[in-house]
Amino acid sequence: MNGFLFMKAILRRNNFFGLFAFLTFLTILSGCKNSVSSGLKNGDLLFVTAKETGLSGAINNVTQKQKNASFDHIGILQKDKKGIFVLHAAPKGGSQKQELKDFLKDQSDDGQRVVIYRLKPQFQKNIPDAIEKANSMLGKPYNFNYILDENSYYCSDYIERAFRKDHVFKLEPMTFIDPKTGKTNAFWEEFYAKKNLKVPEGEPGCNPNGLAASDKIERIKEL
């Protein structure tokens, strides 16, 4: 009988340590999630690093302005009582409001990283209006032509519009010239030829690298 009670005590003890280990794991997991979002502020800009090939590489090839800024996507952070979200325009889903954790997972799955930029203090007052404007544009399809129109948006276009009232960013003449050859990048020639469109060289537009070069924002950290 004493042996039976002893075994029960051992099992209870093992269950206790098992429960303790499980709770410890949950605490660590929660801490990891919080560490990702810690230090992030409402209105932060999330720039996604560019790939070397495909559409991503082609965008970066003709738009990169800074050695440490090589981006092909951008979103704006909305942090409120309901959670932490990224407002952005993407090929899959168009203009959307996505939970931060899902946004980060998507970029990680594609082998891309996220770098946080923040408006300088004197421009922080423009964030509430920008987020309100960004929310008003949700649901619009993605602009696969990268030629400005009012019915669809591409990523940097979506962000530029969000801040347009306060002139935080600006539209510039687009270029599709490969800086190494001085000629139109072959990817873009084929890209627009398939759409029966003329390469929109010189037409107004924007891109993630151009936005990252703005003197109104500063690089904070890489997630």
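**Aromatic pairs and a run of strands**

A search of the whole structure, which is a predicted model, turns up 17 aromatic pairs. Let's start with one of them. Y153 and Y158 form a tilted pair, with 6.4 Å from centre to centre and 50 degrees between the planes. If you are wondering why two numbers are quoted, a pair of aromatic rings is described by the distance of the centres and the angle of the planes. The angle here is neither under 30 degrees, as stacking would need, nor over 60, as edge-to-face would need, so the label is tilted.

Are these two tyrosines buried or exposed? Y153 has 6% relative accessibility and so counts as buried. Y158 is buried as well, with a relative accessible area of 0%.

Now compare that with F187 and F191. Their ring centres are 6.0 Å apart and their planes stand at 20 degrees, so this pair is stacked. Where do the two residues sit in the chain? Both belong to helix α6, which covers residues 186-194. Because they are 4 residues apart in that helix, about one helical turn separates F187 from F191. As for their surroundings, F187 is partly exposed, with a relative accessible area of 30%, whereas F191 counts as buried at 16% relative accessibility. The cut-off for buried is under 20%, so F191 falls inside it and F187 does not.

F187 and F191 also have further aromatic company. They belong to one aromatic cluster that includes Y142, F144, Y146 and Y154. F176, W188 and Y192 are members of this cluster too.

Let's move on to the strands, with β2 as our guide. This strand runs over residues 71-80, and 8 of its 10 residues are buried, so it is largely enclosed by the rest of the structure. Which strands does β2 pair with? One partner is β1, residues 45-49, which pairs with β2 in the antiparallel sense over 5 bridges. To find your place there, look for F47, which stands opposite I74 in β2.

Another partner is β3, residues 83-90, and this pairing is antiparallel too, over 5 bridges. Here K79 stands opposite I84 in β3. The connection from β2 to β3 is a hairpin through 2 residues.

One last stop brings us back to an aromatic ring, this time with a charge for company. The charged end of K97 sits over the ring of F85, 4.7 Å from the ring's centre.

Definitions and conventions. Residues numbered from 1 in each chain as written. Predicted model: local features only at pLDDT ≥ 70, side-chain atom pairs only at ≥ 80, totals over all residues. Heavy atoms only, no water. Phe/Tyr/Trp six-rings, centres within 6.5 Å; stacked < 30°, edge-to-face > 60°. Buried < 20%, exposed > 50% of the residue type's maximum accessible area, 1.4 Å probe, protein only. Lys NZ or Arg CZ within 6 Å of the ring centre and 35° of its normal. Pairing = 2+ DSSP bridges.
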